[in-house]
Amino acid sequence: MKNNIPKKIHIIGSVGSGKTTLAKKLSTKLNIPFYELDNVVWKRKKSGDIRRTDEERETNLHSIIDSETWIIEGVHNEDWVASSFRNAELIIYLDTKYSIRTYRIIKRFVLQKLGLEKSNYNPTINIFFKMFKWNRHFEQVGKPNFFNKFGIYSEKLLVVTNKRSIENYFK
């Protein structure tokens, strides 16, 4: 697959693993649109986010998956995203060290509160503490769940522990 640049990429990892950063870089490099799964789950409103119904969420996801090219990124690995993993030509699992993710959560919050980094949500102290909880949950539950459910796609799975492995893949 290395010689054949994928047109449908799914990036998964925990909070602070670098999913959005990687998706943006690949989107620019490969000229492929990227989508955040959080924006598939939530309708973003200035007055506050509203969770989409299961039907709206799945319709939204399938409209992306049915397009010719896409990069989807997110922490989600529940059944509703199974079709994204199935249709992806490449699945990138960001296996970033727990300590690095923790540092990035803190850095992101500070930068957002200072107005130096944009966010799709209101960066409250409550969300900040939830990110640590989500990070731990992903490590303990999400990661094993992903490999148990979607390990069947090992032929198109790239587990990334450092930037060099991504750079080598796309050379």
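Where is the place of His 76? In this predicted model, His 76 sits in the loop between strand E5 and helix H4 (82–87). Let's look at the sheet first and then come back to this residue.

**The sheet**

Five strands make up an open sheet, and reading across it gives the order E2-E5-E1-E6-E7, with parallel pairing. At the edges are strand E2 (34–36) and strand E7 (157–160), each of which pairs on one side only. From one strand to the next, the twist averages 20°. As a reminder, strands of a sheet pair through backbone hydrogen bonds, either parallel or antiparallel.

For one pairing, take strand E1 (residues 8–13) and strand E6 (residues 90–94), which run parallel and share 5 bridges. Here Ile 11 of the model stands opposite Ile 92 in E6.

Two helices that pack on the sheet are listed here.

| Helix | Strands touched | Angle between directions |
|---|---|---|
| H3 (residues 54–65) | E1, E2 and E5 (70–74) | about 140° with E5 |
| H6 (residues 125–150) | E1, E6 and E7 | about 160° with E6 |

**Back to His 76**

Is His 76 buried or exposed? His 76 counts as buried because its relative accessibility is 14%, and buried means under 20%.

Which side chains make polar contacts with that of His 76? One is the side chain of Asp 38, at 3.3 Å, and another is the side chain of Glu 78, at 3.3 Å. Leaving out residues up to four places away in sequence, His 76 touches Ile 12, Leu 37, Asp 38, Val 41, Val 81 and Phe 85. Asp 38 therefore appears both in this list of contacts and as a polar partner of His 76.

Conventions:
Residues are numbered from 1 along each chain as its sequence is written. This is a predicted model: local features need pLDDT of at least 70, side-chain atom pairs count only at pLDDT 80 or more; totals for chains, interfaces and linings use all residues. Side-chain values use heavy atoms; hydrogens and water are left out. Two strands pair if DSSP finds at least two bridges between them. Helices (H or I, at least four residues) and strands (E, at least two) are DSSP runs, numbered from the N terminus. Axes are lines fitted to C-alpha atoms, for helices over the stretch in contact, and angles run from 0 to 180 degrees between N-to-C directions. Contact means heavy atoms within 4.5 Å. Buried means under 20% relative accessible area, exposed over 50%, partly exposed in between (1.4 Å probe, protein chains only). A polar contact is a pair of N or O atoms within 3.5 Å; within protein, one must be able to donate a hydrogen and the other to accept it, and residues adjacent in sequence count only if both atoms are side-chain atoms.
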